[in-house]
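Reader: Hello! I'm in my first year and would love a close look at one part of this structure. Could you take me to the place where aromatic rings meet, and then show me what lies around it?

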There are 2 protein chains.
Amino acid sequence: MDRVNLSDIAKALGISQATVSRALRNKSGVSPQLREQIFKVAQDLNYPFKLPKDRGFKRVGIIIPDFSNPFFATVCYGIESVLRSNGYLTYLVNTDEDWELELDAVRSFLEESVAGLIVAPAANSERIYENIGGKPLVFFDRHYESLNAQSVLVDNEDIIFQAVHHLVDSGHKNICLVSGYQPIYTGRTRTLGFTKAIELLGLKKQNCPIVEGNFREPEAYEATKVALKKYKPTAIVATSNKTSLGVLRALRELGLSIPNDVSFIGFDNLEWMELNDPPITTIVQPAFTMGTLAASLLLQQIHGHPSSESVVLKAEIKYRSSVRRIGEQNVV
Amino acid sequence: MDRVNLSDIAKALGISQATVSRALRNKSGVSPQLREQIFKVAQDLNYPFKLPKDRGFKRVGIIIPDFSNPFFATVCYGIESVLRSNGYLTYLVNTDEDWELELDAVRSFLEESVAGLIVAPAANSERIYENIGGKPLVFFDRHYESLNAQSVLVDNEDIIFQAVHHLVDSGHKNICLVSGYQPIYTGRTRTLGFTKAIELLGLKKQNCPIVEGNFREPEAYEATKVALKKYKPTAIVATSNKTSLGVLRALRELGLSIPNDVSFIGFDNLEWMELNDPPITTIVQPAFTMGTLAASLLLQQIHGHPSSESVVLKAEIKYRSSVRRIGEQNVV
């Protein structure tokens, strides 16, 4: 290709060469929007120019506990979709469920004067937020009831209740929950939904064990293996997408098929769950919406017009083929 | 529980109350390691104390193009495992394959004086790195040949060659590649491995189509559907984990089973690939190692002892059950 010159850029945008020249030399008289377009075309055409100086970045810090979990990636896409269109860059720190790292992240963000923080906290990190100097803060996925902070949560109790209800409707009376980590809000509330369902739906506690999967694949796998041998449940409910993987691996290893041997309700609607044979009935959290709302609440705080409300979103069940109806004759 | 006091913390750690007191009042005479332990126990026991001031954070900026892709999450875990043990916090920015956002991220990081940058660049972002004031920089997964920068890559050409070789060994002569985005290094080099394999393994170009999946699930799905109808390949090779999902969805929708109707080699060894029925033969990148090496190279640069070498890692094939041997009688 011939050497690109100013007229190529001008032609591509239908503007004058003089305007292109002003923009690329960082002179005034060109709107920021047009300037951006000109930079973009110049870069795309590989035209040599000096990139302009900093534009005074506005930043928001995001803290998540596990970015190998696709749920958090989807929430972050939601957060970023709102913040970027409002001119904010987002810095993400992954704490790996370690509150000490979370403490460092918060301090580091405050030191740099981010405009605000959006956080899914690890266990035991509560005290970190007791004194952050009035910095705008929104929790998502998890929160601390004792802190007077805004949050965007899912109705965890209700969705697990609904999942158990669906199994009971299908004739199941021996249902196992592979729980999450109990010191974490989501672990606790999902377990609570299960114990309420047992109570209200006429199930027997001794037939409906709760085993600890701790939101991790290896621990969910071990717990499920134990549960399958000891309690012989006809149905299993998972409490996170990683838990779901552990349950599936345990079933596979013990040669148990879904749904003929064991019915299963997974968590988070990841793409592979639909492609699984059979496609997996699963709990769907509105992850992207959770992110956009968290960002919107934060922007309101930043602009000095905080809404007083936290938000609790409804999750849904995506019905597929991993739950089998059990006839009366099969029930003990 | 009774109110926790200093002696509980001292007892838990087997040290004196005076030491605990000094640490919690941020007085000198306590080693940083012990101080950390004391803070941790105090926090765990919910003992009221003021968190100490900043400790002068050292930071590294990480830039990735798509954090909904689990491959990048694994690399980042590798990066962080090295940097954290060396006292660095890592800030992550997700560019969503947008070089303009990458430009903002780099500028923002430079403005804040990060110690260095670890980057998987988007397409067309080359010029951003031409003048970053000698800031330590390591590329991973992707790089720009024209820039004299260190990088940690995978031998993409070779691993796709090996995948095609495995299919040819199994009797396949009609093989389709669902390619990545060609302006990106990994997209280009994986396609190159395929065209070399056709040439060197005696395949016919017209029987081995390349269709554009662009590393995105929806585009891979569409491209695969077209390829299956038009070319009727006996085997398909994917070029990323998202591409793999698209291929599987297309096969499912057209009612084609793996490996009886079509053999398949996936990309990146995600957990669901092993759990799939049948378990999927897949290309495995050493993602965690890629991260630890990128971090190590960056630390060497930061400490003023750069090694002169970039690194190219070998990928492997994990053999499972998604490739079928085709007998001579079945071959046209």
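Author: Happy to help; we begin with an aromatic pair and then walk outwards through chain B.

A few ground rules come first. This is a predicted model, in which local features need pLDDT of at least 70 and side-chain atom pairs count only at pLDDT 80 or more, while totals for chains, interfaces and linings use all residues. Residues are numbered from 1 along each chain as its sequence is written, chains are lettered from A and ligands numbered from 1 in the order in which they are written, and side-chain values use heavy atoms, with hydrogens and water left out.

**The rings**

A pair of aromatic rings is described by the distance of the centres and the angle of the planes. Rings of Phe, Tyr and Trp (its six-membered ring) pair if their centres lie within 6.5 Å; planes under 30 degrees apart count as stacked, over 60 as edge-to-face, and the rest as tilted. Over all chains, the whole structure holds 13 aromatic pairs. One of them joins A:Tyr77 and B:Phe67, with 5.4 Å from centre to centre and 80° between the planes, an edge-to-face arrangement. This pair crosses between chains: A:Tyr77 belongs to helix H4 (residues 70-85) of chain A, and B:Phe67 to the loop between strand S1 (58-64) and helix H4 (70-85) of chain B. Helices (H or I, at least four residues) and strands (E, at least two) are DSSP runs, numbered from the N terminus.

Are these two rings buried or exposed? Buried means under 20% relative accessible area, exposed over 50%, and partly exposed in between (1.4 Å probe, protein chains only). A:Tyr77 has 16% relative accessibility and therefore counts as buried, and B:Phe67 is buried too, at 7%.

A second edge-to-face pair is formed by B:Tyr129 and B:Phe139, whose centres are 5.0 Å apart and whose planes stand at 80°. B:Tyr129 sits in the loop between strand S3 (116-119) and strand S4 (137-140) of chain B, and B:Phe139 in strand S4 itself, so the pair ties together parts 10 residues apart in sequence. B:Tyr129 is buried at 6%, and B:Phe139 is buried at 1%.

Rings can also gather in groups: A:Tyr91, A:Phe109, B:Tyr91 and B:Phe109 make up one aromatic cluster.

**Next to the crossing pair**

B:Asp66 is also in the loop between S1 and H4 of chain B. This residue counts as buried, at 12% relative accessibility. Leaving aside residues up to four places away in sequence, B:Asp66 touches A:Tyr77, B:Phe72, B:Asn94 and B:Lys242. Contact here means heavy atoms within 4.5 Å.

**How the two chains are related**

Two copies of a chain are related by a rotation about an axis and a shift along it. Here, chain A is superposed on chain B by a rotation of 180° with 0.0 Å of shift along the axis, with an RMSD of 0.1 Å. The two copies are thus related as by a two-fold rotation axis. In chain A, the C-alpha nearest the axis belongs to A:Leu92, 2.4 Å from it. Both copies use the same surface, as 100% of the contact residues of chain A recur in chain B. The superposition is by least squares on the C-alpha atoms of residues with pLDDT of at least 70 in both copies.

**From S4 to its neighbours**

Let us return to S4 of chain B, the strand that holds B:Phe139. Strands of a sheet pair through backbone hydrogen bonds, either parallel or antiparallel. Two strands count as paired if DSSP finds at least two bridges between them. S4(B) and S5(B) pair in the parallel sense over 3 bridges, and B:Val138 has B:Gln150 as its bridge partner in S5(B). On strand S5 (residues 150-154) of chain B, 5 of the 5 residues are buried, so this strand is largely enclosed by the rest of the structure. Both of its faces are covered: B:Gln150, B:Val152 and B:Val154 are buried on one side, B:Ser151 and B:Leu153 on the other. S5(B) is also joined by 3 bridges to strand S11 (residues 311-313) of chain B, and the two run parallel. There, B:Val154 has B:Leu313 as its bridge partner in S11(B).
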